[in-house]
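Keep the structure open while you work through these exercises. Try each task yourself before reading the solution.

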There are 2 protein chains.
Amino acid sequence: MEAVTGMISKNRAKFVKSLQLKKFRHLEGAFVVEGGKSVLEVLKSDFSVVEVFVTEAFYQNHEALLTTSKAVVQIATEQELIQCGSLQTNNAGLAIVKLPGQEPIDRRPDEFVIALDDVRDPGNLGTIIRIADWYGVSKLYCSEETTDVFAPKVVQACMGSLTRVKVSYLSLEDFLSHQDCPVYGALLNGKSIYDESFATPGIILMGNESKGIAGELMKFVTHPVTIPGHGGAESLNVAVATAVICDNIRRPK
Amino acid sequence: MEAVTGMISKNRAKFVKSLQLKKFRHLEGAFVVEGGKSVLEVLKSDFSVVEVFVTEAFYQNHEALLTTSKAVVQIATEQELIQCGSLQTNNAGLAIVKLPGQEPIDRRPDEFVIALDDVRDPGNLGTIIRIADWYGVSKLYCSEETTDVFAPKVVQACMGSLTRVKVSYLSLEDFLSHQDCPVYGALLNGKSIYDESFATPGIILMGNESKGIAGELMKFVTHPVTIPGHGGAESLNVAVATAVICDNIRRPK
């Protein structure tokens, strides 16, 4: 759409700011994407962008994309972007995007997917989405306690990968009890990932940062796997461990 | 040492708080370790702990270790620990630790070490130290622009691994020009890590979060390597990439 100029109204800024909280994201059915690169990616994606606030310079550089988009485009100052967003600097833009619907997404029999049990750190969740995208894992099933994927820090950490990896929230107990495939659970005392063939696609189950996989989910783990350690560290960060497991799955056999 | 009770003086709290800044850490020759687990690890390590502030409950649980330590032990409230530290909650303790000397640390011909060119994010540096520790890599060489390892967020992110991985800051150009071993540089267009044998120990060189390896260091890269991607993400986080490369080095051939 053509750009509107003038200041962002106080009410509008308050509305954008409110979307930093999960409660308001769900109430309003919208979330915020910040920073030039992420705004461009979301505009090119299947997400429905409602409104974008961009600096004059950013608008000049991306006028074609912005004017063909259905979103309302408003010119804003860097100061305004920082005030209504969560970033400390933003010389590009901010987009208000419709929350996607929560239809159930089925796992195809031939694919690997990732299930997260109670991952709490937004940075970890964002990094895991980027890892999934890198390794061509397109679905992520999260327990209801897992941190919200549309929180600003998660959106920030996963860059544009959120436009390619589908994330759904559900009862993992319920989900896993309906799956008829191997469940590879990341544990500290499983089979070495170097000895596991990962020949059959299935589910990679990763647990909470400090507690690991919940007791009630352990019965679904058909293949406990472990990343062999060589030093003194007690554990690897959950995102790092997810990447190493994906790498072992994807490496040519 | 026997525990001292009473409030932490205003001056002492100000001093501890000042150590959040690199300038004061170097001026005072000290850094801060926070949280129960990290405090216990540093007390058991080779680091020289000058002073610890602990809650009454933490003191009761770890009295033997605390009283045999040479550090001055002072009982503090949770509120005081939070006020003079960087954590949002801390029901255990905080230690003031002497900065270790910066003697040059040589690489043994039979070992893999990691070199970091301008890694800026404290969380990434901390995670890389934990990864190095997990994979038995005991030395990390950082360019002078790399974020300071004794910053609170780094110390926090690497848990106790800092007590086992030696970190030094130097001119990487100078360091690499004196090394007579393979330098495996993580690039986006190198040889697949799955085809690289990593048969000869050497240096794993990782670049800056957005700019990668600096141009002037490229001439030292004898083995450019790449983690094959399968999806849409443009890159992997630098800590994640470090872990995947270490895993490929350590997996049995």
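Below are four exercises, each followed by a worked solution.

This is a predicted model, in which local features need pLDDT of at least 70 and side-chain atom pairs count only at pLDDT 80 or more, while totals for chains, interfaces and linings use all residues. Residues are numbered from 1 along each chain as its sequence is written, chains are lettered from A and ligands numbered from 1 in the order in which they are written, and side-chain values use heavy atoms, with hydrogens and water left out.

**Exercise 1. Find the turn and the shift that lay chain B on chain A.**

Step 1. Superpose the copies by least squares on the C-alpha atoms of residues with pLDDT of at least 70 in both.

Step 2. Read off the result: a turn of 180° and a shift of 0.0 Å along the axis, with an RMSD of 0.0 Å. This is therefore the relation of a two-fold axis.

Step 3. Compare the contact residues, where contact means heavy atoms within 4.5 Å. Of those in chain B, 100% recur in chain A, so the same surface serves both copies.

**Exercise 2. Describe the interface of chain B and chain A.**

Step 1. Start with the residues: chain B and chain A each give 32 residues to the contact.

Step 2. Turn to the buried area, which is the accessible area (1.4 Å probe) that two parts lose on being put together, summed over both. The two chains bury about 2,900 Å², with 59% of it on carbon and sulfur atoms. On the side of chain B, Trp134(B), Tyr194(B) and Arg251(B) supply 26% of the area buried against chain A, more than any other three residues.

Step 3. Look for salt bridges, meaning a side-chain nitrogen of Lys or Arg within 4 Å of a carboxyl oxygen of Asp or Glu. The rule finds two across this interface. Lys37(B) forms a salt bridge with Glu234(A), with the closest N and O atoms 3.2 Å apart.

Step 4. Assign the elements, using DSSP runs numbered from the N terminus (helices: H or I, at least four residues; strands: E, at least two). Helix H7 (122–134) and H10 of chain B are the elements that give two or more residues to the side of chain B that touches chain A. The largest share, six residues, comes from H10(B).

**Exercise 3. Is Asp247(B) buried or exposed, and which side chain of opposite charge is nearest?**

Step 1. Place the residue: Asp247(B) lies in helix H10 (residues 238–250) of chain B.

Step 2. Apply the accessibility classes: buried is under 20% relative accessible area, exposed over 50%, and partly exposed in between (1.4 Å probe, protein chains only). Asp247(B) is buried.

Step 3. Check the charges, counting Lys and Arg as positive and Asp and Glu as negative, but not His or the chain ends. Asp247(B) has no salt bridge, and Arg251(B), the nearest side chain of opposite charge, is 4.7 Å away.

Step 4. List the neighbours: not counting residues up to four places away in sequence, Asp247(B) touches Ile193(A), Tyr194(A), Ile227(A), Val244(A), Asn248(A) and Tyr135(B).

**Exercise 4. Which parts of chain B does the salt bridge of Glu51(B) and Arg12(B) tie together?**

Step 1. Note the distance: the closest N and O atoms of Glu51(B) and Arg12(B) are 2.5 Å apart.

Step 2. Locate both ends. Glu51(B) is in strand E3 (residues 49–54) and Arg12(B) in helix H1 (residues 10–18), so the pair ties together parts 39 residues apart in sequence.

Step 3. Classify them: Glu51(B) counts as buried because its relative accessibility is 9%, whereas Arg12(B), at 29%, counts as partly exposed.
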